Amino acid sequence: MQYIDGGSVGYNIAVLIKVIPDLEQIKAASGTGQIQIEKVPLRLDILSEHAIEAAVQLKEKYGGKVTGFIFGNNESIPLMKKAYAMGVDEGLVITGYKENNPTLTASVISEKLKSLQFDIIVLGNQSADTYTGLLPGMIASKINARLIGNVLSIEIEGKEVKARKSLEKKIEVVKAQMPVVISVTQETNQPRLPPVMQIMAAGRKTIQSEEYKGQTPSYTLTKSRVAPKSERKKQIFEKPEDGIQAVVRVIKEEAR
Amino acid sequence: MKAIVFSEDGEIASQMVNYLKGKAEVIASTLTEEKEKCIRAGAEKLYLLSGIAEPENISEAISEIKNATGADYIFIGSTANGRDIAGILSAKEDMKPISEITSFEINDGKATVTRFLYGGKAVSTEETSATLYVYAPGISESARAESDTPTETIQLKEPSVKPESEEPKTSGGVDLEKAKIIVSVGRGLGSKEGLGIAEELAKKVNGEIAGSRPVCLDYHWLSEDRQVGLSGKKVKPKVYIALGISGQIQHIAGIRGAKTVIAINKDKSAPIFEECDYGIVGDLFQIVPKLISAL
Ligand SMILES: Cc1cc2nc3c(=O)[nH]c(=O)nc-3n(C[C@H](O)[C@H](O)[C@H](O)COP(=O)(O)OP(=O)(O)OC[C@H]3O[C@@H](n4cnc5c(N)ncnc54)[C@H](O)[C@@H]3O)c2cc1C
Ligand SMILES: Nc1ncnc2c1ncn2[C@@H]1O[C@H](COP(=O)(O)O)[C@@H](O)[C@H]1O
């Protein structure tokens, strides 16, 4: 427990939010198959929305304050409003993000987290666009916090967090002392759709931003980014009878 | 190059050993319980980690192995704990990471990898100087060597995250990656009761049942280990039969290795028809019984 803002008791919670291109709207150029993401509208990463929901639920249940962090660029700033509307109290957007570089993202965010003494840091287990899944471990390691990854549910008692982890073959219940880094899975919760009043109130709140001015040391060179090729035959039957015949033939052939 | 591979799943560790053989000198590591699945994978040496295992103390043990062997590369199987281990190691050992690789080639110390981006919409080919790789399970088979690999046991340190209890996830112990025929179901099934007909078809063709994510994860009509797709299993059967699956890109990412894809969907414009070899437009509850009797 901590005293926050000189008065109310509760936990000091951080949530990490990634802004990504709207995947539904990404298209491949006809002919070359090159993926085009310029001009694709931005949105919050769905896993980050699950993380926001988890952080806000913790605040609602146990008291405290939720601070959101985005490492992005100028275009990301307005997207913090959605986080506010969902219940995030304060937000900081660090601009200067150039490309997917987990090492850099982890160090930029960790620097901020270190100075602010959080009890709980919540983030997604794998972001929807790059599917990296490395930030939880990197951040926990850099700020010297316990890591509880891939959680389904969280309970708190004093300085102790108890959570159910979703692994491939089992669900594991673990306990750890704060500070903890918690990554959430898609099954954790259903991100709320904020009511209009909250959306309007969120629009009036200030969003802090500052620029990351350091270098972006690149260790990876992208050679190509193309739509996966489909060489399927695409024989589509609208008359089921014909289709069944063809399919039976194929199955018999292959099952031999 | 000298590489350490680790997965807490012995089968995935064996796959990585087999995948990297010929490209590197491979040192394997897994949990003691998984010894049997890994002892004949063909590694130079096998480290068995024994004790209460959490990402935190597993990564410490891998650091130890790195120091002891002078390995310059680390490959971790992409599982829930595996990704956490990779993240910790990357920060602790200051190794540049690259995630979810679906192929890896190395020439003169320069690595080229491919991986999916944007939810499976793009295949990205990248040249990288990364030394820590997260391997997408199922991109290669495991192999069985002639003889046992020499082993060494490492005692895991006490973790600060304490496991209290565990519940098994319901699983039929399926090995979808090895199935020759897969009958896969989607939300188009309507309800769990709809499964009956799919199971009947699977039985008829000697196949395994699988499903899309909503069916496995949200509705629990099937166990989670039967989920096919980007965040599920990458399968490569001879025949993949998709019933009532729309064919979203994240699902397709799991079936690119299938030889023949057959789809039944009542919506003519469903994206699955762009990603199948044979498609039948219609109600699966009318078509599948006919298909079963014709087989
Ligand atoms: C980060 C991320 C990872 C994901 N990973 C995966 C993954 O690994 N695997 C996965 O599957 N999904 C994954 N998804 C989800 C994916 O985007 C889709 O939501 C999901 O695949 C849709 O499942 P579906 O096809 O069963 O359902 P729907 O999209 O709802 O499709 C149901 C289909 O059934 C058809 N239908 C309905 N009734 C009938 C009938 N009687 N007869 C015939 N057809 C009928 C409909 O026409 C429709 O096309 C992921 C999503 C994200 C964001
Ligand atoms: N640039 C970023 N800014 C803030 N949070 C991020 C950023 N990138 C990733 N995250 C958080 O880390 C989670 C896992 O992302 P990743 O490790 O990139 O797959 C996401 O779901 C977010 O919660």
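**Exercise 1. Find which side-chain atom of Ser246(B) or His251(B) lies 2.6 Å or 2.8 Å from an oxygen atom of ligand 1, and then describe the site.**

Step 1. Start with Ser246(B): one of its polar side-chain atoms sits 2.6 Å from an oxygen atom of ligand 1. Keep in mind that you're looking at a predicted model.

Step 2. Now try His251(B), where a polar side-chain atom is 2.8 Å from a ligand oxygen. For Asp283(B), the partner is a nitrogen atom of ligand 1, at 3.0 Å.

Step 3. How much of ligand 1 does the protein bury? On its own the ligand exposes 990 Å², and the protein buries 84% of that.

Step 4. Zoom out to the shell: 27 residues surround ligand 1, and they split into seven nonpolar, 15 polar and five charged. In chain B, α6 (213-218), α7 (249-252) and α8 (284-294) each chip in at least two of them.

**Exercise 2. Ligand 1 lies between chains A and B; work out how those chains meet.**

Step 1. Count the contacts: 74 residues of chain A touch 80 residues of chain B.

Step 2. Get the area: about 7000 Å² is buried between the two chains, with carbon and sulfur atoms giving 54%. On the chain A side, Tyr219(A), Arg232(A) and Glu254(A) lose the most area to chain B, together 11% of what that side buries.

Step 3. Look for charge pairs: there are 13 salt bridges across the interface. Lys169(A) and Asp9(B) form a salt bridge, N to O at 3.3 Å.

Step 4. Add the polar contacts: 46 residue pairs across the interface qualify, both partners at pLDDT 80 or more.

Key. Residues are numbered from 1 along each chain as its sequence is written. Chains are lettered from A and ligands numbered from 1 in the order in which they are written. This is a predicted model: local features need pLDDT of at least 70, side-chain atom pairs count only at pLDDT 80 or more; totals for chains, interfaces and linings use all residues. Side-chain values use heavy atoms; hydrogens and water are left out. A residue is near a molecule or strand if one of its heavy atoms lies within 4 Å of it. A polar contact is a pair of N or O atoms within 3.5 Å; within protein, one must be able to donate a hydrogen and the other to accept it, and residues adjacent in sequence count only if both atoms are side-chain atoms. Accessible areas come from the Shrake-Rupley method with a 1.4 Å probe; for residues, only the protein chains shown count as cover. Helices (H or I, at least four residues) and strands (E, at least two) are DSSP runs, numbered from the N terminus. Ala, Val, Leu, Ile, Met, Phe, Trp, Tyr, Cys and Pro count as nonpolar, Asp, Glu, Lys and Arg as charged, and the others, Gly among them, as polar. Contact means heavy atoms within 4.5 Å. Buried area is the accessible area (1.4 Å probe) that two parts lose on being put together, summed over both. A salt bridge is a side-chain nitrogen of Lys or Arg within 4 Å of a carboxyl oxygen of Asp or Glu.
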